[in-house]
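Visitor: I would like a close look at a single part of this model, followed outward into its surroundings. Please take one residue and build the picture from there.

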Amino acid sequence: MAGLSERRARAVVILDRLHAQHPDASIELKWSTPLELLVATILSAQCTDVRVNMVTADLFRRFRRPEDYLAVPAEELEQAIMPTGFFRQKTA
């Protein structure tokens with residue numbers, strides 16, 4: 001198995017190739033922290049980025065830390081993300 005430094009070097013090569021092939025690539029999801037990106041990515045499954053951005057605008061104001069998501073009852077979180085579809089699976 002390749003060591004960590006070898007895997008990182010390989011990842012850099014892959015990212016460089018992807019950037020060369022798609023220099024203007026970007027994502028439509030709106031986020032400002034790694035947690036927000038993770039949440040938006042999870043919500044984007046089987047949903048448009050436009051709808052995810054509509055839902056996360058309120059979600060990211062209400063929940064700033066992982067503990068904030070854990071502190072709210074599951075039913076309340078389900079209601080907040082319902083427009084993204086598959087809300088029960090995404091809440092679990």
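Guide: Contact here means heavy atoms within 4.5 Å. The model is a predicted one, and the residue I would choose is K90, which sits in helix α6, spanning residues 87-91. K90 is buried and yet forms no salt bridge, the nearest side chain of opposite charge being that of D49, at a distance of 9.7 Å. If neighbours within four places in sequence are left aside, K90 is in contact with I42, L43, A45, C47, I81, T84 and G85.

Two of these partners, L43 and I81, lead further inward, since both are listed among the residues with the most contacts inside the largest nonpolar core, a set of 16 residues, alongside L59, Y69 and L77. Two or more residues of this core come from each of α2 (34-43), α3 (49-62) and α5 (74-81), and α3 gives the most, with four residues. L43 itself, again without residues up to four places away in sequence, touches V52, V55, T56, L59, I81, T84 and K90.

Of those, V52, V55, T56 and L59 belong to the buried residues of α3, which also include N53 and F60, and the buried residues of this helix pack against α2, α4 (66-71) and α5. Helix α3 bends by about 35° at T56; even so, its end C-alpha atoms are 20 Å apart, which agrees with the 20 Å that its 14 residues should span at 1.5 Å a residue. Helix α1, by contrast, has 18 residues of which the number buried is zero, so α1 lies largely in the open.

Methods
Residues are numbered from 1 along each chain as its sequence is written. This is a predicted model: local features need pLDDT of at least 70, side-chain atom pairs count only at pLDDT 80 or more; totals for chains, interfaces and linings use all residues. Side-chain values use heavy atoms; hydrogens and water are left out. Buried means under 20% relative accessible area, exposed over 50%, partly exposed in between (1.4 Å probe, protein chains only). Lys and Arg count as positive and Asp and Glu as negative; His and the chain ends are not counted. A salt bridge is a side-chain nitrogen of Lys or Arg within 4 Å of a carboxyl oxygen of Asp or Glu. A nonpolar core is a set of buried Ala, Val, Leu, Ile, Met, Phe, Trp, Tyr and Cys residues joined through side-chain atoms within 4.5 Å. The expected span of a helix is 1.5 Å times one less than its number of residues. The bend at a residue is the angle between axes fitted to the seven residues ending there and the seven starting there.
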